[in-house]
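Reader: I would like a close look at a single part of this model, with its surroundings described in order. Please take it step by step.

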Amino acid sequence: MFPASRKVTVYIVTGAFIAGTFLILSQFYSADGIAQQPISYNAKPETATSSKVANDDTPEGVGAGIVPPVVNSPTTPVIDTPTAPAVDISYDLTTPPSVGCVDVVNRNRNQLTEIFTRELKGIRYVNMHGYLETENKGDAAIYTAQQMILASMGITTMEACRFAEGKGCNATAYRKALEDHKPYSAIMMAGGGNFNDFYWEDQPARIKTAAAYKDFPIRSFPQSIYMTKPEKIQQTFDSFSAHPDMQLAARDKPSFEWLQKHFGSTKVKHVLSPDVAFAWGDRSDIRKNIKKKYDVLILARDDWEITHSSKDVATGVGELDLGGDVGKVSYRKVDWKKTPTPLIDGVDENGNKLPGPAGQREMGKEQRAFAKAMNGFEMLAEARLVITDRLHGHILSTVLGTPHILMDSKLKKNLNYHDTFTKDCGCTRVAMDGMEQALEIAGKFFKANGGSLEKLKAAGEVGNDMKDNN
Ligand SMILES: *[C@@H]1O[C@H](CO)[C@@H](O)[C@H](O)[C@H]1NC(C)=O
């Protein structure tokens, strides 16, 4: 559905002094190395680098829009001038989002494969670092996707812990597994959004692990990075730069620039990579096979990262009046961090204990993560349109090809990701101004697609929005 010039441009550069090849995602750089400004009609998108949160507390280089000079970095981007797209489709608010996004999903997935085939070369056994036992369906989708990537590269996961010790992790077993498979073993740090100094739990654990495991390679799936506190940045730098074989990854351009700035002159390797959840590949089958229950799913954060007015819509199931020709549509509003996944915890959807063997908790980490992730996919696929301020609401909707409207979060991680990797997906529209604007776009979507589910059912029709556009 996009002209050929929109196709991903992947440049493989072979360096004479560098073992292996380095994938450069040069499409994200204009001639001056600054992220391309999205062209908009109705919206006023900020670039990822003109962050609202870039205030006086923000250290130079974070959100400053400058690619710092990098010395001796194996991942220095080759500056190129790709053909600029005529419009970033997701910022075009004159049209509603469409169904299907296979091109973008495949591109993100292929990039992941290339990057981690290279970064994990020689490694056959890993201990996971950063396994999260939460109900957040996005984190679960990340964990399962990581297992898919590792398995596709013939790598066995041995121990999986949140940290290398404590929190239910057997530190003796953790080290022993690595020792038993030396020199083919490594610590694999999970991807996600906790490489920051706001939630100070996962980052200090990484700092500790990097210091304690200098005798094993450390590899990382991509993170959104946001650190503003000088002493915490210093601790991170001191620990990581002292490790002899460490690789970090960023999943958006500002995060990658942060890594370049802080680790550009060290031996810590750093790469820009799509979010690992794209390892799921195209899952339009889930979208097609799940019966639509609601017109709109509002998947909204209910924490301090929230930036907009989604609080004005009540949690649960109800009706939204979109006005005009469309009128009322049905909705479900949920924060998927708070919904128990049926079956694995021995409870039903409402959290009530099930009788008999069904009431037993599933202990397998793969099984638990997979069930939670599938539950997340199903939640999204039950709706004709998704409105979300969760990054994985956007990413998993993209994987499904479900039309959706994306709002940002306080740390800008949603639009930073979107602007780096997914802005040419026809199934996304960005509501910069929040919920009210999202509902306006929703109105356009239902107007173009025959009105509410109830109206369609009454007319004996299935909406044309159920079909793939690509
Ligand atoms: C921790 O792992 C070690 C080595 O595998 C094992 O001997 C020990 O019993 C384990 N400890 C616990 C509490 O499970």
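Author: What follows starts at one helix and its two strands and then moves outward. The model is a predicted one.

The part chosen is helix H6, residues 253–263. Together with strands E9 and E10, helix H6 makes a right-handed β-α-β unit. Strand E9 covers residues 247–250 and strand E10 covers residues 269–272. The two strands run parallel and are joined by four bridges. Within this pairing, Ala249 of the chain stands opposite Val271 in E10.

How much of helix H6 is covered? Most of the helix is: ten of its eleven residues are buried. The buried residues are Lys253, Pro254, Ser255, Phe256, Glu257, Trp258, Leu259, Gln260, His262 and Phe263. An α-helix has 3.6 residues a turn, so residues three or four places apart point the same way. The cover over the buried residues of H6 includes E9 and E10, and also strand E8 (223–226), helix H5 and helix H10 (413–422).

Strand E9 is also enclosed, and on both faces. On one side Gln247 and Ala249 are buried, and on the other side Leu248 and Ala250 are buried. In a regular strand the side chains alternate between the two faces of the sheet.

Just ahead of E9 there is a loop, which connects helix H5 (230–241) to E9 and contains Ala242. Is Ala242 buried or exposed? Neither word fits, because Ala242 has 14 other C-beta atoms within 10 Å and therefore counts as partly exposed; a buried residue would need 20 or more, and an exposed one 12 or fewer. Ala242 and Val268 are 26 residues apart along the chain, and their C-alpha atoms are separated by 8.7 Å.

Two sheets elsewhere in the model complete the picture. One is an open sheet of four strands in the order E4-E3-E5-E7, with parallel pairing. Its edge strands are E4 (156–161) and E7 (218–220), each of which pairs on one side only. Neighbouring strands in this sheet are turned by 30 degrees against each other on average, direction ignored. Strand E3, residues 125–129, runs parallel to E4 and is joined to E4 by four bridges. One of the residues in this pairing is Val126, whose bridge partner in E4 is Thr157. Helix H3 (residues 171–180) lies across E3, E4 and strand E5 (185–189), and runs at about 160 degrees to E4.

The ligand is surrounded by Asn170, Thr172, Ala173 and Lys176. Sorted by class, this shell has one nonpolar, two polar and one charged residues.

The other is an open sheet of six strands in the order E12-E13-E11-E14-E15-E16, with mixed pairing. Here the edge strands are E12 (316–321) and E16 (428–430), each pairing on one side only. The average turn between neighbouring strands of this sheet is 25 degrees, direction ignored. Strand E11 (residues 294–299) and strand E13 (residues 328–334) run parallel and share four bridges. Leu299 has Val334 as its bridge partner in E13. Helix H9 (residues 391–400) lies across E11, strand E14 (383–388), strand E15 (404–406) and E16, and runs at about 150 degrees to E14.

To return to the chosen part: helix H6 is mostly covered, and E9 and E10 are the strands of its β-α-β unit.

Terms used. Residues are numbered from 1 along each chain as its sequence is written. This is a predicted model: local features need pLDDT of at least 70, side-chain atom pairs count only at pLDDT 80 or more; totals for chains, interfaces and linings use all residues. Two strands pair if DSSP finds at least two bridges between them. Axes are lines fitted to C-alpha atoms, for helices over the stretch in contact, and angles run from 0 to 180 degrees between N-to-C directions. Two residues are in contact if their C-beta atoms, placed from the backbone, lie within 7 Å. A residue is near a molecule or strand if its C-beta atom, placed from the backbone, lies within 6 Å of it. Ala, Val, Leu, Ile, Met, Phe, Trp, Tyr, Cys and Pro count as nonpolar, Asp, Glu, Lys and Arg as charged, and the others, Gly among them, as polar. A crossover is right-handed if, with the strands pointing away from the viewer, the path from the first strand over the helix to the second runs clockwise.
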